Amino acid sequence: MSAGALSLGVCYYPEQWDEALWAEDAARMAALGLGWVRLGEFAWSRIEPEPGRFDWDWLDRAIGLLGEAGLRVIMSTPTAAPPKWLVDLAPEILPVGADGQRRKFGARRHYCFSSPRYRAEAARIAEAVARRYGAHRHVHAWQIDNEYGDHDTVLSYSPAAEAAFRQWLGDRYGEIGALNRAWGTSFWSMHYDAFDQIELPNRVVDDPAPAHLADFLHFSSDQVLSFHEAQAAIVRAHAPGRPVTHNFMNGNTDFDHHGIAEAIDLASWDSYPLGNLVHGRLPEAAQARYMRTGDPDQIAFNHDLYRGVGGGRFWVMEQQPGPVNWAASNPAPADGMVRFWSWLAFAHGAEMVSYFRWRQAPFAQEQFHTGLLLADGTPDQAAGEVARVAREIAAMPPLGSRARAPVAFVLDYPSRWALAALPQGRAGVPAHVALDWYAALRRQGVDIDIIGQGAALDGYRLVVAPDLVIAEADFVSRLAASGARAVFGPRSGSKTVALQVPEGLPPGPLRRLIDLRVTRVESLPDWSEERFSFDGASHVARGWRETIEIGEGTEVLARFEGAYRPGSAAIVGTGRWRYVATWPVPEALDAVLGAALDWAGVERLPLAPDLRLARRGAVTFAFNFGPDTLMAPAPAGARFLLGRAEIGPADFAAWTG
Amino acid sequence: MSAGALSLGVCYYPEQWDEALWAEDAARMAALGLGWVRLGEFAWSRIEPEPGRFDWDWLDRAIGLLGEAGLRVIMSTPTAAPPKWLVDLAPEILPVGADGQRRKFGARRHYCFSSPRYRAEAARIAEAVARRYGAHRHVHAWQIDNEYGDHDTVLSYSPAAEAAFRQWLGDRYGEIGALNRAWGTSFWSMHYDAFDQIELPNRVVDDPAPAHLADFLHFSSDQVLSFHEAQAAIVRAHAPGRPVTHNFMNGNTDFDHHGIAEAIDLASWDSYPLGNLVHGRLPEAAQARYMRTGDPDQIAFNHDLYRGVGGGRFWVMEQQPGPVNWAASNPAPADGMVRFWSWLAFAHGAEMVSYFRWRQAPFAQEQFHTGLLLADGTPDQAAGEVARVAREIAAMPPLGSRARAPVAFVLDYPSRWALAALPQGRAGVPAHVALDWYAALRRQGVDIDIIGQGAALDGYRLVVAPDLVIAEADFVSRLAASGARAVFGPRSGSKTVALQVPEGLPPGPLRRLIDLRVTRVESLPDWSEERFSFDGASHVARGWRETIEIGEGTEVLARFEGAYRPGSAAIVGTGRWRYVATWPVPEALDAVLGAALDWAGVERLPLAPDLRLARRGAVTFAFNFGPDTLMAPAPAGARFLLGRAEIGPADFAAWTG
Amino acid sequence: MSAGALSLGVCYYPEQWDEALWAEDAARMAALGLGWVRLGEFAWSRIEPEPGRFDWDWLDRAIGLLGEAGLRVIMSTPTAAPPKWLVDLAPEILPVGADGQRRKFGARRHYCFSSPRYRAEAARIAEAVARRYGAHRHVHAWQIDNEYGDHDTVLSYSPAAEAAFRQWLGDRYGEIGALNRAWGTSFWSMHYDAFDQIELPNRVVDDPAPAHLADFLHFSSDQVLSFHEAQAAIVRAHAPGRPVTHNFMNGNTDFDHHGIAEAIDLASWDSYPLGNLVHGRLPEAAQARYMRTGDPDQIAFNHDLYRGVGGGRFWVMEQQPGPVNWAASNPAPADGMVRFWSWLAFAHGAEMVSYFRWRQAPFAQEQFHTGLLLADGTPDQAAGEVARVAREIAAMPPLGSRARAPVAFVLDYPSRWALAALPQGRAGVPAHVALDWYAALRRQGVDIDIIGQGAALDGYRLVVAPDLVIAEADFVSRLAASGARAVFGPRSGSKTVALQVPEGLPPGPLRRLIDLRVTRVESLPDWSEERFSFDGASHVARGWRETIEIGEGTEVLARFEGAYRPGSAAIVGTGRWRYVATWPVPEALDAVLGAALDWAGVERLPLAPDLRLARRGAVTFAFNFGPDTLMAPAPAGARFLLGRAEIGPADFAAWTG
């Protein structure tokens with residue numbers, strides 16, 4: 001598969017269907033234009049129906065039939081759902097809730113990442129599956145496990161987790177005195193004499209020490225990573241030349257997605273725009289507007305994130321094909337949205353889009369989750385749209401890879417854990433605040449890469465870090481050495497790795513860049529607003545406000561208005577750096593970040609509120625998430641490859657020139 | 001007692017009062033016009049103060065005094081509140097919560113229906129009480145236990161429940177393969193090898209298999225039924241000629257009330273209109289309007305339900321006499337409402353209305369619950385109103401039984417469990433949706449019978465099934481063979497008994513009647529609305545929308561409007577059947593169900609919003625729940641038996657002719 | 001220290017800082033004008049790093065340095081945070097939650113008041129500390145433990161608590177029959193045969209008997225008291241002449257603060273106006289108005305309460321110096337508020353105001369809690385304001401003690417437990433209702449003493465009891481014998497000590513004063529309103545309404561309006577007594593309580609809504625909590641000691657004459 005080639009796929013569960021259907025299913029998949037089929041991620045009990053007895057025949061036949069129909073198989077390790085016999089043999093593999101109670105078999109993800117027994121069993125089954133199919137001629141890629149973190153399963157309060165956490169702390173701190181200093185145990189008499197005294201931070205009378213909690217979050221993330229790495233190594237050993245991936249989710253920050261990048265060959269994620277809209281950041285009026293098209297920025301955010309996590313390569317492993325079953329409400333996508341979302345993924349650099357699932361299940365938990373086909377095998381909305389996408393792909397000139405974007409957007413997982421461990425009140429949901437910043441940039445029509453602190457910074461004109469609580473010295477050095485300009489949000493650099501106030505006050509290491517001290521922070525109620533003046537206009541901020549003191553070389557770009565400390569600096573800057581000391585509301589972010597783009601020399605194109613752009617190779621895509629027909633911001637003489645200049649509701653266009 | 005005779009009663013607790021008061025209490029009851037007195041449902045610890053030692057003397061005397069005063073005693077088995085000594089002897093009788101923790105003694109209903117030990121103890125005490133009083137000359141009826149399901153006590157997660165559930169599943173499925181197929185365990189590797197592997201569906205990491213959950217709900221209902229049946233058999237053996245009943249509650253669907261009908265001789269229920277209003281379906285403005293009169297339809301709904309459950313015979317065992325103690329807020333009924341509610345019950349076919357309770361308790365949990373008398377023995381509001389009802393009964397010509405209503409309304413408990421197990425989002429509370437449909441019919445002035453699928457259908461002109469998720473083939477056949485027309489709500493026929501999508505898609509067995517396939521369902525947020533055109537007007541629906549495909553013989557009666565799939569069918573019909581593919585709001589239900597009544601040839605009389613009618617024998621009753629004086633819709637020359645043509649606020653009238 | 005002298009202090013944690021900083025810290029404290037420093041309340045693990053090994057040296061040096069700098073030390077017993085080694089040795093000292101699960105080490109207050117082992121350990125460490133520093137020349141006062149009740153730690157459901165509760169019940173009731181009668185166990189078959197059968201009232205299927213719950217609350221309060229008394233006795237034995245105190249909190253009613261008065265020499269409390277505003281009673285608009293100044297009445301309420309608890313003497317042990325870390329949102333105080341709150345405390349009679357804390361911690365749970373200094377040692381807002389207060393104190397003539405106020409306001413803890421045990425619905429938060437009444441009186445410009453039922457009543461002109469559910473006979477007698485007039489709120493006298501309806505109906509013992517029977521109570525939804533006419537105007541009440549019957553000598557002062565029982569008495573009176581049968585909203589309370597002040601001959605001065613007065617000795621203070629400049633209600637010729645007649649936003653003035 002050459003970089004830049006586009007293909008389509010589907011998730012299929014032969015174990016759920018009468019074998020008589022398989023051949024016809026395979027033929028219909030191929031006829032629709034699908035090239036990939038994912039198998040097996042929940043098939044453990046079918047593959048190994050009793051301890052040590054493997055039943056490969058059915059799967060051999062399924063893979064054979066699919067492969068012969070021209071489909072490339074993505075095989076999975078089935079560790080996301082251990083069978084009942086294993087749970088009964090070794091109940092200690094089950095996760096334990098924050099209430100101290102062991103969870104039960106009966107759904108999925110019922111395992112504790114810290115269980116040594118489960119790690120051994122997972123390696124055993126992964127080895128067996130990889131040995132069987134690793135080098136199979138129809139198997140062209142591998143998925144490890146399924147959706148780490150779904151159903152809040154990264155954290156487990158089991159005895160195994162406690163033992164592993166003690167070990168992890170020992171490795172991290174070396175001696176207990178270092179832990180005492182890091183956690184600040186001189187406070188509230190929390191002193192520890194030995195690592196073995198440390199417990200998991202649940203059922204504590206008040207908040208535990210923030211570093212205690214943040215270390216537990218960090219540890220839990222590391223457990224996911226090492227769990228994954230073990231399987232990836234096994235699979236890679238048996239599957240030469242086949243890329244290994246994992247299907248990530250929207251919005252999960254329970255483990256460090258950048259950290260897992262080494263142990264995957266490309267990233268993939270599961271895109272459910274409407275379910276995520278319902279549980280997302282938008283106020284009701286906006287949710288109503290996008291009820292059948294999705295949050296215009298949340299989907300793209302994930303594409304831009306996972307493109308980075310995958311080192312430039314990503315797939316959509318599961319694409320919503322119609323209504324789902326799991327959100328608080330489950331509206332249908334507008335007709336055309338399956339095609340729309342597919343091209344949105346391609347525009348952001350996806351190589352493959354795979355739909356979940358082939359045929360709607362008539363039983364079990366997800367029977368209200370649609371597929372390409374209805375439960376009776378007749379086509380649903382998505383089938384026709386997918387066939388159309390396949391035809392469009394065939395007619396599309398090669399798009400190439402996405403170029404490096406002019407703007408880098410920093411998402412740092414340890415900073416998110418710091419915000420969870422030290423929220424300072426209930427104001428603001430970190431993921432929502434960050435997405436608001438991202439959305440404001442997108443409304444300016446610019447392309448964005450989402451990066452971690454470890455990423456190379458070459459070529460970026462602007463780096464935006466809305467919530468980089470823990471700024472690493474190395475990152476700051478490389479940023480200083482780069483040609484980029486940067487805008488930092490409030491709380492940036494405000495904590496050390498041990499979640500302490502940095503020497504010299506926040507923004508800690510960023511003070512190397514900009515002469516500034518944060519002398520006060522306030523978390524503010526939702527119903528209050530702060531105003532600030534910027535560029536001659538008065539703007540609104542909410543939820544967070546800092547009082548800052550600046551050095552002589554630092555310029556005040558915006559000042560707070562109102563009764564409290566009027567004239568106090570709201571945005572300051574020096575040279576290539578800007579610091580925003582509050583959370584501007586979306587309209588205010590348009591002004592602040594729009595000006596930052598100009599300042600950084602990034603060409604921008606302010607868009608109609610419902611429109612979004614994405615560029616890949618020579619092609620520009622414009623997506624209309626709203627209910628009105630809008631004009632594509634295409635130059636005169638543009639050549640339209642898809643759609644046309646008038647973009648209807650829930651439609652898009654693509655052009656060159 | 002002849003059918004159609006009306007009488008009054010009261011709930012009395014001699015064990016709570018000094019014996020010196022009993023004789024005077026009995027005399028005052030009789031003087032008020034009360035004919036019945038319920039005793040003993042919480043008296044176990046007084047009857048059997050220590051294991052095996054019975055103290056009958058006090059109860060003999062109490063029954064004697066009451067009987068000699070002319071009161072007929074309803075005796076109860078006291079199993080709703082086992083004594084502390086029994087709990088201490090056998091703590092395994094206690095129920096276990098979903099958190100796995102055993103609940104404690106200290107209130108009531110602290111038993112697990114699956115405990116073999118408790119079943120033995122319940123049989124033992126029931127036998128003792130029934131042997132003593134079964135054929136007592138003053139004991140004229142029996143109540144088994146008290147308010148099954150109160151305080152969410154039908155479900156218990158005890159080891160005994162787990163063992164019994166496994167047995168129940170074994171009986172239901174015969175072999176484990178059948179269970180695996182029914183539950184769809186090929187999904188998520190949920191395969192079971194043996195019934196003994198199955199656990200109760202609590203503390204599962206994500207939703208359990210819906211059939212797993214629905215089977216547990218069904219099992220739990222069956223446990224209530226068999227618990228009841230055992231006691232009913234004991235009592236019947238000792239109490240020849242005395243009707244056996246149980247006092248059901250408003251809104252409890254945790255067990256199948258139709259299923260218990262064989263094991264009672266008449267139904268009774270406990271009517272607390274204001275407490276239930278507070279916890280009910282109405283928006284705030286309507287709650288404010290009816291704050292002191294009650295939901296105009298919820299009370300009647302229960303009367304119509306329990307009339308059916310009792311095979312045509314029902315009592316109100318506990319009638320609210322004033323403010324209660326247990327709701328989120330506890331306003332007083334308007335003066336006159338105790339009389340109003342009493343006649344509302346009689347109008348709907350009640351034979352007896354019994355007030356809870358004789359005298360307000362000055363101690364314990366319900367000391368804020370009013371009675372006919374205040375705690376100091378002086379009369380409260382209800383006393384005078386009850387005396388007036390007694391006089392009115394005496395002056396009233398025999399009403400006879402309620403005639404079969406022209407409209408049958410289907411309430412199917414397994415369908416409600418299906419909705420609980422597979423809610424598909426948070427849109428809509430099933431009980432509220434159904435009550436909205438019932439209310440719309442009642443606003444048309446028609447009488448309604450509430451039935452289960454097993455009921456005889458002869459004589460009904462219209463059958464309305466708002467949420468018959470699991471439509472039984474036998475019911476469909478009998479409906480087809482009847483002369484009735486029917487209106488089905490969305491989701492009707494959408495699941496098999498095993499909670500699977502039926503072959504050929506929903507509405508499954510209803511496709512025999514109407515050529516229709518549901519190809520998509522959507523659950524929608526509260527703040528969104530869908531519009532549809534019907535009968536030349538545009539109407540609003542909320543919460544649920546289906547896309548349906550129809551055959552040639554099927555007519556589209558209403559079409560969706562708006563941006564999403566405009567013109568898609570919202571209501572369709574063929575011959576005697578109609579299917580509504582959404583949840584019309586109340587105003588829209590008036591149009592849709594009003595038209596259905598006309599179509600079915602049911603005479604209707606659209607009423608002022610606050611007015612409701614009920615007919616019994618030759619008498620028509622009109623009840624005004626609102627704050628304004630309204631005119632009774634009586635024909636010219638009507639003879640008023642109670643009230644008059646101008647019906648004041650919180651008042652009613654009854655007439656013939 | 002002479003009564004009436006004013007001083008300042010600070011909370012300091014030498015164990016958290018490098019010893020190199022101590023001397024400079026001490027010098028800076030003294031330079032700011034601070035006279036007191038509190039030490040040691042969380043230092044157990046530093047004082048006794050392993051079982052039985054004490055490390056006094058560092059604390060000796062710290063006390064020495066501070067004392068030599070002129071600071072008087074308040075030493076604390078460190079029992080609020082037992083060290084990990086003790087928890088590991090004796091895990092049974094941990095509290096148990098209502099879910100039956102043992103809580104964990106990792107924050108503070110992780111002990112069960114009923115644990116015999118912890119009581120022994122607490123006595124041991126208190127003895128050790130008191131022996132070392134009781135008579136130390138620099139130690140001038142003692143604090144026992146820290147903030148009893150914080151983090152909901154008064155209630156524990158441990159086996160030790162169960163055993164102690166049984167003992168407590170045995171002591172209270174003598175024989176089990178008395179308990180059965182008091183709890184009303186003839187209801188629901190709840191009879192007990194022995195005290196050893198009684199369990200703690202958690203995990204009960206429905207509400208436990210209210211007397212069961214109330215007794216558990218009372219018992220738990222008594223456990224706090226006896227825990228405190230044991231330590232206070234130890235400290236007093238070693239610390240002659242040093243006052244013993246405890247630092248109470250805002251709004252905690254989990255234990256009887258009046259009951260602890262014997263075991264303290266003066267009261268102190270921890271004043272966090274902004275955090276408490278966020279979690280308090282005010283609607284959003286008022287919270288917005290006072291976001292940076294605090295609820296104008298809540299702070300004063302505590303001053304007036306703890307002045308009484310301390311027998312006329314109280315300190316503010318912890319005064320908020322800037323934003324805190326623990327509320328749902330944490331805004332900054334307006335500049336000037338630290339000075340404002342300090343003088344508000346002095347105006348209400350405080351002798352000392354101590355700020356929490358000296359320097360902001362850069363680590364652990366409270367790193368977002370400000371201090372006088374920032375984490376880097378530079379001054380924060382509070383430092384300059386404190387210095388100014390110190391200068392102002394020096395210039396202020398002696399204020400003397402607060403005179404007895406003309407108005408006494410009754411806060412009775414057992415009545416609050418009764419309201420918790422028998423809330424009768426969700427209408428109204430007792431603490432908020434009471435604070436509304438207090439605020440209405442304060443808006444009339446009068447000074448108030450908050451008292452318990454045991455307080456002497458001499459000299460009060462008006463006693464206001466908004467929620468005296470359990471009125472003691474002795475209190476009623478003393479009130480009758482006093483010269484005071486009284487206004488009682490609804491529910492007054494409505495329960496006996498055993499939480500039963502009193503003989504002759506409510507208001508029980510108050511019927512001695514006023515011929516009145518409450519024949520009905522209603523709890524009403526938030527969205528409903530009742531109206532009543534009083535003094536020629538129509539007023540609104542919410543949440544609670546009673547129907548009362550009066551004797552001949554009782555006059556109706558206000559009558560309900562509207563559809564329900566119009567003309568029914570809303571306020572009645574006889575002689576020196578008034579009874580209000582509903583909860584008037586704040587505006588209506590202004591009228592009702594304003595009239596009551598006139599009736600009682602208390603001079604009043606209705607104030608602008610944002611202004612509050614307080615008088616101490618010859619000086620009158622006026623505090624402006626609002627955003628506008630207001631005129632001080634000072635007489636012509638007043639001499640201003642602080643501020644001037646025009647009082648700016650968030651400012652105050654003080655004058656004589």
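**Figure 1. Chain C superposed on chain B.** Chain C can be laid on chain B by a turn of 120° and a shift of 0.0 Å along the axis, with an RMSD of 0.0 Å. The two copies are thus related as by a three-fold rotation axis. The model is predicted. Within chain C, the residue that comes closest to the rotation axis is D99(C). Its C-alpha lies at 5.3 Å. Only 2% of the interface residues of chain C are also interface residues in chain B, so the copies meet through different surfaces.

**Figure 2. Chain A superposed on chain C.** A turn of 120° lays chain A on chain C. The shift along the axis is 0.0 Å, and the RMSD is 0.0 Å. D99(A) has the C-alpha nearest the axis in chain A, 5.2 Å from it. Here too the overlap of interface residues is given: only 2% of those of chain A are also interface residues in chain C, so the copies meet through different surfaces.

**Figure 3. The interface of chain C and chain B.** On one side, 50 residues of chain C take part; they are in contact with 59 residues of chain B. Together the two chains bury about 4,600 Å². Carbon and sulfur atoms give 54% of that area. Which residues of chain C lose the most area to chain B? They are W188(C), V205(C) and W527(C). Together they account for 18% of what the chain C side buries.

**Figure 4. Polar and charged pairs between chain C and chain B.** The count of salt bridges between these chains is 6. One of them joins the side chains of E522(C) and R292(B), at 2.3 Å from N to O. Residue pairs in polar contact number 27, with both residues at pLDDT 80 or more. Two strands of chain C, β14 (516–523) and β16 (537–550), each supply at least two residues of the side that touches chain B. β14(C) gives the most to that side, with 6 residues. By class, the chain C side has 22 nonpolar, 13 polar and 15 charged residues.

**Figure 5. R108(B) and its surroundings.** R108(B) sits in a loop of chain B, between α4 (84–89) and α5 (116–133). Is R108(B) buried or exposed? Its relative accessibility is 9%, so R108(B) counts as buried; the cut-off for buried is under 20%. The side chain of R108(B) makes a polar contact with the side chain of H151(B), at 3.1 Å. Leaving out residues up to four places away in sequence, R108(B) touches residues of chain B including F42(B), A80(B), A81(B), N146(B), E147(B), D150(B), H151(B) and E366(B). R108(B) also touches W188(C), V205(C) and D206(C). Two of these, W188(C) and V205(C), are among the residues of chain C that lose the most area to chain B.

**Figure 6. The interface of chain A and chain C.** Here 49 residues of chain A are in contact with 59 residues of chain C. The area buried between the two chains is about 4,600 Å². Carbon and sulfur atoms give 54% of this area. On the chain A side, W188(A), V205(A) and W527(A) supply 18% of the area buried against chain C. That is more than any other three residues supply.

**Figure 7. Polar and charged pairs between chain A and chain C.** How many salt bridges cross the interface of chain A and chain C? There are 6. The side chains of D335(C) and R565(A) meet in a salt bridge, at 2.8 Å from N to O. Across this interface, 27 residue pairs are in polar contact, both residues at pLDDT 80 or more. Strand β14 (residues 516–523) of chain A gives the most to the side that touches chain C, with 6 residues. The residues of that side divide into 22 nonpolar, 13 polar and 14 charged.

**Figure 8. G504(B) in its loop.** The loop that holds G504(B) runs between β13 (485–488) and β14 (516–523) of chain B. G504(B) has a relative accessible area of 24% and is partly exposed. Beyond its neighbours within four places in sequence, G504(B) is in contact with R511(B) and R517(B). G504(B) and R38(B) are 53 Å apart in space, C-alpha to C-alpha. In sequence, G504(B) and R38(B) are 466 residues apart.

Key. Residues are numbered from 1 along each chain as its sequence is written. Chains are lettered from A and ligands numbered from 1 in the order in which they are written. This is a predicted model: local features need pLDDT of at least 70, side-chain atom pairs count only at pLDDT 80 or more; totals for chains, interfaces and linings use all residues. Side-chain values use heavy atoms; hydrogens and water are left out. Contact means heavy atoms within 4.5 Å. Buried area is the accessible area (1.4 Å probe) that two parts lose on being put together, summed over both. A salt bridge is a side-chain nitrogen of Lys or Arg within 4 Å of a carboxyl oxygen of Asp or Glu. A polar contact is a pair of N or O atoms within 3.5 Å; within protein, one must be able to donate a hydrogen and the other to accept it, and residues adjacent in sequence count only if both atoms are side-chain atoms. Helices (H or I, at least four residues) and strands (E, at least two) are DSSP runs, numbered from the N terminus. Ala, Val, Leu, Ile, Met, Phe, Trp, Tyr, Cys and Pro count as nonpolar, Asp, Glu, Lys and Arg as charged, and the others, Gly among them, as polar. Copies are superposed by least squares on the C-alpha atoms of residues with pLDDT of at least 70 in both. Buried means under 20% relative accessible area, exposed over 50%, partly exposed in between (1.4 Å probe, protein chains only).
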